[in-house]
Amino acid sequence: MERRDWTDGHVERWKPVLPGLDPEVEGAVTRMKKLSVHLRRVREQSLVDFDLDRQEFDTLHKLAGRGGKAAPSELAADLDLAPASVTGRLDALERRGFIRRTPSTTDRRRVDVELTDAGRSTWLGAMDVLGHEEYRLLGVLDKDERTLLNDMLRRVMVVAEDRGDADWD
């Protein structure tokens with residue numbers, strides 16, 4: 001018999017209260033929620049460990065996702081923020097030595113924002129903590145099972161995204 005988890009007890013408690021409850025749907029949804037909360041806690045602890053606040057991490061993350069170099073306007077769009085809000089974030093990150101602003105080589109009216117070695121190292125360190133936990137959790141599945149899980153979750157997400165009323169980024 002497989003080991004039971006917290007959700008098994010949760011589903012058992014609710015089945016008599018809600019006779020129409022599908023235990024497989026309730027179990028899957030509850031487990032996804034609990035895993036999401038767990039991973040959020042791990043991420044938040046990694047930010048504490050690397051002395052980053054959420055806004056700093058998000059900005060470094062978006063910058064890293066653009067290859068480590070972007071215009072402030074691109075970061076503002078990526079972060080869904082007003083340009084003035086991004087300026088404040090960049091000021092703070094520059095004071096910490098995580099980014100540098102340089103004149104654009106293609107447009108002298110523009111400034112490019114670049115990750116410094118310290119910024120990249122800090123961002124990667126925080127990312128590694130979460131990545132290790134993700135691999136630890138999904139490591140109980142073999143490669144084929146991970147592929148199957150990913151494919152099944154994609155099918156569910158396609159339906160969720162079809163509603164078009166949620167922010168998925």
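**Figure 1. A salt bridge joins Asp-8 and Arg-31.** In this predicted model, the closest N and O atoms of Asp-8 and Arg-31 are 2.8 Å apart. Asp-8 belongs to helix H1 and Arg-31 to helix H2, so this pair ties together parts that lie 23 residues apart in sequence. If you would like to look for others, the count for the model comes to 16 salt bridges.

**Figure 2. Two charged side chains sit over the ring of Trp-6.** Start with Lys-34, which lies over the face of Trp-6 at 4.2 Å from the ring centre. Then find Arg-13: its charged end also sits over the Trp-6 ring, 5.8 Å from the centre. What about pairs of aromatic rings? The count of aromatic pairs is 0.

**Figure 3. The largest pocket has a volume of about 1,800 Å³.** Its lining is made up of 34 residues, and those closest to the pocket centre are Arg-31, Met-32, Leu-35, Leu-138 and Leu-149. You have already met Arg-31 as the salt-bridge partner of Asp-8. Sorted by class, the lining holds 17 nonpolar, 12 charged and 5 polar residues. Rolling a probe the size of a water molecule over the atoms is a way to see where empty space is left.

**Figure 4. Helices contribute to the lining of the largest pocket.** At least two lining residues come from each of these helices: H1 (6-14), H2 (23-49), H6 (117-138) and H7 (143-162). Which helix gives the most to the lining? That is H2, with 13 residues.

**Figure 5. Three strands form an open, antiparallel sheet.** Follow the strands across the sheet and you will read the order S1-S3-S2. Strands S1 (69-70) and S2 (99-103) are the edges, and each of them pairs on one side only. Strands of a sheet pair through backbone hydrogen bonds, in either a parallel or an antiparallel sense.

**Figure 6. Strand S3 pairs with S2 and with S1.** Between S2 and S3 (residues 111-115), the antiparallel pairing runs over 5 bridges. Two places to look are Arg-100, which stands opposite Glu-114 in S3, and Thr-102, which stands opposite Asp-112 in S3. S1 and S3 are likewise antiparallel, and they pair over 2 bridges. Here you can pick out Ala-70, whose bridge partner in S3 is Val-113.

Terms used. Residues numbered from 1 in each chain as written. Predicted model: local features only at pLDDT ≥ 70, side-chain atom pairs only at ≥ 80, totals over all residues. Heavy atoms only, no water. 1 Å grid on protein atoms, 1.4 Å probe; cavity = no way out; pocket = protein on both sides within 12 Å on 5 of 7 lines; lining within 4 Å. Points joined across faces, edges and corners; volume = space filled by probe spheres on them. Helix = DSSP H or I, 4+ residues; strand = E, 2+ residues; numbered from the N terminus. Nonpolar A, V, L, I, M, F, W, Y, C, P; charged D, E, K, R; others polar. Phe/Tyr/Trp six-rings, centres within 6.5 Å; stacked < 30°, edge-to-face > 60°. Lys NZ or Arg CZ within 6 Å of the ring centre and 35° of its normal. Pairing = 2+ DSSP bridges. Salt bridge = Lys/Arg side-chain N within 4 Å of Asp/Glu carboxyl O.
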